[in-house]
Amino acid sequence: MIKRPLNARFRAAVLNGRKTTTIRDKAWPVGIPIMLYSWSGRPYRSKQIDVAPIVVMGFWTIRIAHRVDGVMGYDCGKESGPELHVTEGFASQEDMDAWFRAKVKPGKVVRKTLMMFRRVEA
C-alpha cells in the first residue's frame with residue numbers, strides 16, 4: 001500500500017470523517033489505497049503512526065494567493081459541498097488562512113492539487 005504523510009494536527013479530523021480533502025504539490029493516484037500516516041516525533045527521525053487508509057476519488061487544481069496585504073484567496077474547481085476549510089480539517093477559515101499564509105510568500109500565487117478522498121477499510 002502506498003503511504004503518504006499527514007500532519008499530526010489533522011489526525012482527528014481524518015478519523016472523525018471531517019477532513020475529506022488534502023492539498024498537495026502533485027496528485028495522488030485515484031482509486032488506489034493509500035495509508036495516511038503521521039510521525040510520532042521528528043519527521044524522518046521517529047516512528048510512523050498509521051492514521052487511516054483512504055482512496056482518492058478525484059482532484060482539481062487549486063490556486064492559493066497571498067496578497068501583500070495578508071489576505072488569502074483560494075481558487076479551485078470544487079464548487080459544491082462544505083466550505084474548503086471544513087473539508088481540509090481546519091477549525092476555521094482564519095486557521096486555514098494562517099496555515100497557508102506561512103507557506104505562500106506575500107504577493108505570490110501557488111498552484112497545487114486539491115484531492116477529495118474517502119476512508120476505506122484496511
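Let us start at the largest pocket, which holds about 310 Å³ of space. A pocket here is an open set of points on a 1 Å grid over the protein atoms alone, where a 1.4 Å probe fits and protein lies on both sides within 12 Å along at least five of seven lines; lining residues have an atom within 4 Å of a point. The volume is the space filled by probe spheres set on the points. Of the 16 lining residues, Ile23, Arg24, Trp99, Phe100 and Lys103 are the closest to the centre of the pocket.

Before going further, note that this is a predicted model, in which local features need pLDDT of at least 70 and side-chain atom pairs count only at pLDDT 80 or more, while totals for chains, interfaces and linings use all residues. Residues are numbered from 1 along each chain as its sequence is written, and side-chain values use heavy atoms, with hydrogens and water left out.

Strand 2 (21-24), helix 3 and strand 6 (108-119) each give two or more residues to the pocket lining; helices (H or I, at least four residues) and strands (E, at least two) are DSSP runs, numbered from the N terminus. The largest share, 3 residues, comes from strand 2.

Trp99 and Phe100 lead us on to the aromatic residues, since they form one cluster with Phe10, Tyr74 and Phe90. Rings of Phe, Tyr and Trp (its six-membered ring) pair if their centres lie within 6.5 Å, with planes under 30 degrees apart counted as stacked, over 60 as edge-to-face and the rest as tilted. The structure holds 7 such pairs. In one of them, phenylalanine 10 and phenylalanine 90 meet edge-to-face, 5.1 Å centre to centre and with 80° between the planes. Phenylalanine 10 lies in the loop between strand 1 and helix 1 (11-15), and phenylalanine 90 in the loop between helix 2 (84-87) and helix 3 (93-101), so their pair ties together parts that are 80 residues apart in sequence.

Charges join in as well: the charged end of lysine 19 sits over the ring of phenylalanine 10, 4.9 Å from its centre. A charge counts as over a ring if NZ of Lys or CZ of Arg is within 6 Å of the ring centre and within 35 degrees of the ring normal.

Finally, look at strand 3 (residues 33-39): 6 of its 7 residues are buried (under 20% relative accessible area, 1.4 Å probe, protein chains only), so the strand is largely enclosed by the rest of the structure. Strand 3 pairs (at least two DSSP bridges) with strand 1 in the parallel sense over 4 bridges, and with strand 4 in the antiparallel sense over 7 bridges.

Technical notes: Buried means under 20% relative accessible area, exposed over 50%, partly exposed in between (1.4 Å probe, protein chains only).
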